Amino acid sequence: MATITTPTPHAISSAFPSIPEIEDLIKTLYTPGSPKKIKEVDATLRVLQRSVQGWDMANKLLSSSDVTVRFFAASTFTVKLNGDSNQLSPTDSQKLLSSLIYWLIHLYGDSNGASVTKKLCSTLTIYFCKPISSWSQCIRTLVCSFVAVKPVLEDELSEYPSTWDLLPSLNDEQLRCILRFSMDLAEESKKMNKPADRSLHDRMLPNILDVEVILHFAIARGQQYHSSQDESQQQLGEAICNEALRCFLSWVFYAQQEFKDSPENLAHIQSVVELALSCLQLHVDDAIEVFSDILEDYPKFFTPRHQEQIWAEIMSPWGVEIFKNFDDETLTLARLVIAYAQLLLNSGRLYKDTEDSQCQQVLGVLHEMLKYPGYVGENDDVAPIVADFWSSYITTVDDEFFQYMEGDAKPAWIDDARAHTLLVIADLWPKLRFPPAEITKEWDDEAKKTFKVFRADARDLIQAAYEQTHGMLLDQFVMHTMGALGQNDWLEVEAALYCLNSIAECLSAESDERLKGLFSSTLFDQLAASSDIPPMTSRTAVEMVGCYNGFFLRNEHYLAPVLRFLFNTLAQPALCNSAAKSFAELCSSCRKSLTGELEAFFDMYRQFLGYGTAERFTKSKVLEGIAAIVEAIRDEGQKCATLQRLLQFVGQDAERAVLLAHEGRALEEGLVLALTALDCLASMGKAFQAPDDTVIDLERDQLNEGLSRYWCSGPGNVVQKQIVDFIKILTDVFGTDSEIIEEACHVLRSGYKEILPGPFVLTPEATIDFIVHTNLNTPRLPYVLETACIFLASRKKDTSFSFNLEAQRLLRHIVQLMRQLGHPRADPDISVGLIEVLQRIINNNVIVLQQEPEETLSGLFAFSIECIKGPDVLPKRAGCELWSDIFAIASNAHHPQHNTAREIVDRYAKVVTFVLIFNICGEVDASSLEYVSSSLRKMVQAERNARHYIVHAVENQPLFIEQAHKDSKIDALIRTFTEGVMRNGRNTRAYKETVKEFWSTCKTLAVQQQGQRYGVLGAHQWSAPPAATTGESEQWSHMEALI
């Protein structure tokens, strides 16, 4: 055994632990004990591994009788190779290789130390991949070394017979060890794919012949053992075959990467295919997976002859027997069949060559694999992967099909492909059906999830299939539904409805005739009347109502039984939410045709209130549906009266909530009722929003003015007042709850998007009254401020005096909140909201700023500048965007608010520039640099003194204040930056590059100055900086004085 010596620039310590002491440390590491002690021991051993003596320590520890010590020693070699191999001389490198081979050939046979052998194999492959290695004939080296029972290096290989002649001398463990090393070699080398690694792959080439020889020999020996009558010999034979097949697979994928343009090298690996195929019939564990992996990821590896042989094996008695048995091996073989079918599909043969007997046989097998007994999620794992293939088949055919135009002659294969698609749907049908309740009740969560995912995937497959089959598929589903309905087979009905839902998005009005027979049947009446309907059938029927909204909108006379069914379903706890949602969607879509049914709906709602399912969500959705019908009433007076009746239901919950709160009992129940009332109001407001397809005549000003008067100051005002009162009372009583505040905002927001006046289009005063009653203790205040932003955006064209008064109130409240907050860092989220509201006011109503005293304006803009100056990301970005807008308005002479913005810029541009430059000088992080640089660019475009402001700001930054005009390099840096910013103000790309380069340079300078000022503690470690220097404090004081 060779001893490795390495250059020692300095000794670690003269008191290096002895080998017995190190062994004790290793045993302590692997023995349960005090976590603190183990951590300390681990740290000590890591230091020893990386020490100069680590090579020698590893060598000596490998002679230990303890397996954990030997494993640690092998790991130490790996650590040293990864960290210190570049320090080895060529002589030391050869000595290291000799040592590793020595230990491998002396330790491989230890049954208790298999992990050590594996580690030594991986260490040898790491050595091979290092630049210090010149090793090339690795596999032959190990074969010769095992035979000679000593390390044989490359300069001695010529003295030994050929590898093939030597292999019979190897025992089984030696052979398996070389197979493991060969596998590791291919896998590790495959990772080395940089141009600098080219020499490594050149050194791999001499191993190709040896790998070919060893794989042939190993598989042959393994098969010989497997044919023995001795069970232990059979197990050993299977183990050798498995090792050989895994090694073969690794070299196949190495060849995929490296032998693309070298068919002669590839042929050496391909020569193993036929022998490897014979492992299939021996039922070698990994054989099917190996061929599946290659077919899936590198199908071109197989020659046409190989492909024929693979299919012949699948269809042999061996394969047929596996298909019949329907066990775990069936699933494995199914994967191989699918991989083979995918190969044919990718080539186009599978669907285009209708006369190809092999392709027809493959398609037949794929159909049959969907017919196994059992249920997905319980005992059929084959159907999901086969269905996944058929989905690929259908999608591929669809893509091919769409290449032909409407009048083009279609090739003959299209009809055949369509027939296979229809047959697949028929095959899938039984698999989509829910099992009986006595089976599903025993399912765990994993089984339920598997079945659910399978059905979702099948839904996508069916939708894709419709593109080929159209009416044929729809007719098939309708026929199945009607047949199952006639037999009261409700699980079959559910499967049929599920399939109909799958294609609903693909249907148009042209399909209505095919559906009328189904929707005019007793389907929904039977569903509503029967008490023994499985829950999943009712659920799918509810989903169907939502899926076929368009049909009911076009055929409104079919609505009555559907709505009765939905109201009946509201009583079922498992279905009430989806039924309520479908009811709301259906009423919204068909609102105009249902106005005559309102009285019946009011009666049904009163009945619904007696159900135990009448809760927050269901109430809000049902009222949303009824409110949508009320919105369709053309007469405003009748609409107002009917809406008041609806609001009485809301009032009942609100009054009960307030009563419970005032009595001080059942506060939680009161809160739920309050939330229900507000949620119902918000849903009703949503229902009163004009449908997307409504045509609005913006020229009918007189009518719009009349509507406005009706709802704001006329008879309809009582409704608006009632809505506002609900908000005010419930937020006064329950205003400490965050959900209450959110729901109140939802009610207000429901009218913001409307163009025409209406009951939920509340006056500006209503929104501002709500907002000005908030304070810093109001829960979800950022959401309230976001509501204010949406409100201002919705009124951006309102220039009326009354609205400006409300905007003034809002601005003053924002100022008050800023004063209460004190500093953006006190609450970054609130700070962002305040800045965004100010931004909307400046963009839409900047005139209101002219009516504020100077002190107020100074506070506003000082707060925004503090946002930019501070470290918090979101306030910084919001502040930058605010000033970007101000600068943009100031630079646009045609903007109506130009003069006001110009005054703001004249007063604050210098100090804003200072804080922007402060950020660009390395303070801002990379993700926010774009916001800061964009704001500076807008300043350059808006301010005539921009150059002076920038130079002044840069020179007075803490980073440059001591060096400006003293260091020529710093002066050049400042000059280049300033010139670049000024020159490229209108060239986005060049401007960004200038700013980013300067920012990056500043970051580097800051690190260097910090190191010089505070002292370097270690590589990339600096001591914490002290408080700001006097110069820095003076700069910020100067800035604050400017504000």
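# Close-up views of a predicted model

**View 1. Helix 18 and its buried side.** In helix 18, the buried residues are T330, L333, A334, L336, V337, I338, A339, Y340, A341, L343, L344 and L345. Here buried means under 20% relative accessible area, exposed means over 50%, and partly exposed is in between (1.4 Å probe, protein chains only). Helices (H or I, at least four residues) and strands (E, at least two) are DSSP runs, numbered from the N terminus. This is a predicted model, where local features need pLDDT of at least 70 and side-chain atom pairs count only at pLDDT 80 or more, while totals for chains, interfaces and linings use all residues. Residues are numbered from 1 along each chain as its sequence is written, and side-chain values use heavy atoms, with hydrogens and water left out.

What do those buried residues of helix 18 pack against? Their partners are helix 15 (287-297), helix 16 (304-314), helix 17 (317-325), helix 19 (349-352), helix 20 (357-368) and helix 21 (382-401); contact means heavy atoms within 4.5 Å.

**View 2. The two ends of helix 18.** Start at the N-terminal end, where D327 acts as the cap: one of its side-chain oxygens lies 3.1 Å from the backbone nitrogen of E329. For a polar contact, you need a pair of N or O atoms within 3.5 Å; within protein, one must be able to donate a hydrogen and the other to accept it, and residues adjacent in sequence count only if both atoms are side-chain atoms. After helix 18 comes G348, with a positive phi near 90°. You can check the length too: the expected span of a helix is 1.5 Å times one less than its number of residues. For the 20 residues of helix 18 (residues 328-347) that gives 28 Å, and the end C-alpha atoms are 30 Å apart, which agrees.

**View 3. Helix 20, a neighbour of helix 18.** Helix 20 has twelve residues, and the distance from its first C-alpha to its last is 16 Å, close to the expected 16 Å. Its N-terminal cap is D356, with a side-chain oxygen 2.9 Å from the backbone nitrogen of Q358. That same Q358 is buried, along with C359, V362, L363, V365, L366 and H367. The buried residues of helix 20 pack against helix 16, helix 17, helix 18, helix 19, helix 21 and helix 22 (413-432).

**View 4. Y393 in the nonpolar core.** A nonpolar core is a set of buried Ala, Val, Leu, Ile, Met, Phe, Trp, Tyr and Cys residues joined through side-chain atoms within 4.5 Å. The largest one here has 343 residues, and Y393 is among those with the most contacts inside it, together with F248, Y548, F552, W883 and F960. Which residues does Y393 touch, not counting residues up to four places away in sequence? The list is L345, L350, Y351, L363, A417, H420 and T421. Two of those names may ring a bell: L345 is a buried residue of helix 18, and L363 is a buried residue of helix 20.

**View 5. D84 and its partner R50.** D84 sits in helix 4 (residues 67-84). Is D84 buried or exposed? With 6% relative accessibility, D84 counts as buried. Its side chain makes a polar contact with the side chain of R50 (3.0 Å). Besides R50, D84 touches W55, leaving out residues up to four places away in sequence.

**View 6. L527 and M479, two contrasting spots.** L527 belongs to helix 28 (residues 523-529) and counts as buried at 2% relative accessibility. Setting aside neighbours within four places in sequence, L527 is in contact with W490, I533, T537, A541 and F565. M479, in helix 25 (residues 471-486), is exposed, with a relative accessible area of 58%. The C-alpha atoms of M479 and G517 are separated by 9.7 Å, although the two are 38 residues apart along the chain.

**View 7. Two positive phi values outside glycine.** V149 has a phi near 55°, and you'll find V149 in the loop between helix 7 (138-148) and helix 8 (163-166). V149 is exposed, at 52% relative accessible area. H470 has a phi near 50° and lies in the loop between helix 24 (445-469) and helix 25. H470 is partly exposed, at 40%.
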